[in-house]
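Visitor: I'd love a close look at the aromatic rings and how they meet one another. Could you start there and then carry on to whatever else catches your eye?

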Amino acid sequence: MIKSPRKYFLTWNEAFEFGVQQVGGKGWNLGRLDQYGFKIPLGGVLNTHCYIEFIKHNSLEDMVYNISQSVTVGNIDQAENQDRLSKLRAKIQAGLIPKPIVNELRSMLEQLGIIDRPIAVRSSASAEDSARASFAGIHESFLNVHGLESILESVKGCYASLWSNQALAYRRKLNISDDQVAAGIVIMEMVKAQAAGVGFTCDPQSGHQDVLVVNANFGLGEAVVKGIIEPDTYYLDSSPWKAIPQLIERITGQKEGLTCPKENGGIQFVQTKDYSTQQVLSDEQIEKFGLLLLRVFEALGECDQHQDVEWVFDGQDFVLVQARPVTALARKTFAALKNQPDIWSNGNYRDAVPMVLSPLSRRLSISTIDLILKSNYSKIGYKLPKGLQFSRFFNGRLYCNLSALQWGMFDAMGALPRAFNFGFGGHQPEIEIKDPKPYKGLTGLKRLWNGVKGANLINQAKKNASKTHTRVLSTIENLTSKGFSHLEDQEFIRLYNELGRINIEFAGEFSFLSGSASLQIGSLFRILSKFLAERSTTVINALMVGGSADITSADHGYRLMELAEIARRDNDALKFFGDENFDPCSWEEFLPERSTFKQAFREFIKDYGHRAVYELDIVNPRWKEDPSYLMNIIRSTINTADLSKLKAEQKRKFEQAWQEVENKVPAEKHSSIRKLISKAQEGAAVRERTKSVLAVVIGAYRMIAEELGTRLYERRIIEKQADVYLCTWPELVAVLTGEWDGNGLRALINTRKTFMKEMESISPPDVIMGETPNYTEPATLTSGNFLAGVPVAAGRSSGNARLISHPNEGNRLQPGDVMVAPSTDPGWTPLFLKASGLIMETGGYLSHGAIVAREYGIPAVVNIPGVMRVIKDGWEIEVDGDEGKVYLKT
């Protein structure tokens, strides 16, 4: 329900409260900026009800209604319609504003102390400055207005501008009805402008989203906004690796003149060449404003909707006078895809980041993932379209541009979309390609060569993996070993930048390190498919069981099983886990030093304490901070854990699969197959170890956040220490550098809490086609009473289905149950050891769940659409990891 104000003139705080329908887009955005601590001029908004009252007071309803019903884009130029519009504008300009509105406006301007100061009067229609339509330059604004009478005339001028040719044609073009644009009027003090202009949180011309663009001129900003002069243009790198955006290019414009106030009201453009060679803002001021732009992007755009910001520099500070969404950003994609919609999928991303990301993680996560994906191409010399983004947010969640990835992998290395989807997981369609034979001709040779280069890079990365991991880990250790409590605020800027350098370097290597298992598995498929046909997948899955290589995310599962066995033999541990007031976080205090379990668990935390459930979002506590999840896993398996039994079953599955190889594959190939199995297992270990190292890097960001949260809480800038995760890095940097006192941050945090709660309540679509969300239909039972998916771990098992939406629900999973999950990341691994089988809604052959299930020897079928809606909790089901089928026995 929309609130109806009892007032006509609303302060910025009231404008924020009553929303866009009451104050228009421009007024509401200014209210939001004020609420969130940005510096804006004194003033407020005449609400949209004043416009309705004005129309009624002057008996103009019929004229407005008749024009709305009859004037279209096709007939607007007819003389009769031109005359009707002209008469309406004249009657509006000659009309009287109701006295109650005039009296309240006078009183409020007096209270604000600006009634005798120069004023800006700007239209703020209810559909204006929205994500759908900007109305940029469509409605009138009046600057340097003096006195109440002139203000009232300007208000009527704004009302009249709703009925100009361009305004009406714009509404018709965007299919916006006339009653959707009731006019609010922003009335605010003019800022004495040393310089002014426009800033964009993206490059609206090129479509690049990791660049800030600032246009600037001396004097007022009208000459820049209306394109009268060639302004200075500054470009800044907005990637999150640096605490403050870095100036990368400056173009000094001709600046043929400037706009300045007239003495008796109004503005004028003065031609002059006095400033043509001068840079409007210093480099320091440009970067300071770049940080401010990022704050606007995060506050108003939620790290998704780019912003167009009008600003004034008064010689000391930047004052924001308008902010609106960028509504027309050029689409960046491959030329071959220009006639196909972008396919955005959450497939592979659901493994690691299925949730609505915390504000502190957003830009780091999206940029890190994009850098990882882009390095696939840049390091083999394949050029991507400039400005192409592989990731985006939709309702706070991350999605991947699968059409771009499918085409890129096809055009660069010949991978067909179907094969790509098999590895990536998800339920997205395939792009259309004209050439199903990617390796023919000269283009085919280039693709083969790119494949060779990619394979060489993977092999080189695998060879150097240990050194790479050690280098990153030792660097992080040097940065974090002493903690951060002793650092001055400004020192965090250097620390953050150093961490960004490490992140960039490691992300550039990540893709090839994580691809270490793919080459050998591909070779195994090529060899075994000749002799085993459709059985090749099943056999390979079984041959990967219980490998000798240390797969990090599987190893911590083994270790937890060992810990459960140790606890079973430790009376002190049995007492701890059996206590009716069991507190998993009290283990250090509760258990005596003689406890063998206590000593073993310390070693576990030393090795794996940096990990967490959904560890790519730094809001989630690391296990060393909160071991509750681990302790509950141990507690629930203390009577059933049997590592030797698991190992024996793994050995049995391997030997059974190897027997099939010996029976059907020529003996001369056995040695090479064994080597490929070993190499594939080593590659899987490198892949999972690489994820573990990335968790260490992210953990360092979390350590910084924890310290800054403590400082902001102690300074009463935030309400709770944990609220730091609802801040963003530009906001924290602005406080650290003294550019901002943090006023307004609490309001912004509260808004984000509401936003995240709302987004978490929305079921995320599997695929977005262009801008249209698509929800994949749940899988249907075949005539054989089974659901079909992708087989990723061999064997068959039966049990009761246990639907687990989040690892924190793991206590519901009992030993022998079949775990049904949306997706899994390393934090889910401990639950695998309680499950007799695994089923997932998404996931590819090399997804985390697939790798760990194969290692443990747990039958697994993945990528079954909507399986958590099809299977009911407690049903008896059978998982066939050989055929990729799930049978429903209930």
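Guide: Happy to; the rings come first, followed by a hairpin, some backbone angles and the cysteines.

A quick note on the ground rules: this is a predicted model, in which local features need pLDDT of at least 70 and side-chain atom pairs count only at pLDDT 80 or more, while totals for chains, interfaces and linings use all residues. Residues are numbered from 1 along each chain as its sequence is written, and side-chain values use heavy atoms, with hydrogens and water left out.

The structure holds 33 aromatic pairs. To count, rings of Phe, Tyr and Trp (its six-membered ring) must have centres within 6.5 Å; planes under 30 degrees apart are called stacked, over 60 edge-to-face, and the rest tilted. Take Tyr496 and Tyr701: their ring centres are 5.8 Å apart with the planes at 70°, so this pair is edge-to-face. The contact links distant parts of the chain, since Tyr496 sits in helix α17 (residues 491-514) and Tyr701 in helix α26 (residues 670-714), 205 residues apart. Helices here are DSSP runs of H or I with at least four residues, and strands are runs of E with at least two, numbered from the N terminus. Both Tyr496 and Tyr701 are buried, buried being under 20% relative accessible area, exposed over 50% and partly exposed in between, with a 1.4 Å probe and protein chains only.

Next, compare Phe576 and Phe590, whose centres are 5.3 Å apart and whose planes meet at 55°, so the pair is tilted. Phe576 belongs to helix α21 (residues 571-578) and Phe590 to helix α22 (residues 587-590), so parts 14 residues apart in sequence are tied together. Phe576 is buried at a relative accessible area of 1%, whereas Phe590, at 32%, counts as partly exposed. Ring pairs join these two into a cluster with Phe577, Phe582, Trp587, Phe597, Phe601, Phe604 and Tyr608.

Rings also meet charges here. Arg447 lies over the face of Phe410, 4.5 Å from the ring centre, and Lys885 does likewise over Phe786, at 4.6 Å. The test asks for NZ of Lys or CZ of Arg within 6 Å of the ring centre and within 35 degrees of the ring normal.

Now for the hairpin. Strand β10 (residues 257-261) is mostly covered, with four of its five residues buried. Five bridges join β10 to the antiparallel strand β11 (residues 267-271); strands pair if DSSP finds at least two bridges between them. Leu258 has Val270 in β11 as its bridge partner. Five residues lie between the strands of this hairpin, and Gly265 takes a positive phi near 115°.

Positive phi turns up beyond glycine too. Lys255, in the loop between β9 (246-251) and β10, has a phi near 45° and is buried, with a relative accessible area of 1%. Cys303 is another such residue, with a phi of about 65°, in the loop between α10 (283-300) and β12 (307-313).

That brings us to the cysteines. A search of the whole structure finds zero disulfides, a disulfide being two cysteine sulfur atoms within 2.5 Å. For Cys303, the closest cysteine sulfur is in Cys202, 13 Å away and too far for a bond. The sulfur of Cys400 has its closest counterpart in Cys303, at 16 Å, again too far. Cys303 is buried, at 7% relative accessible area, and Cys400 is buried too, at 0%.
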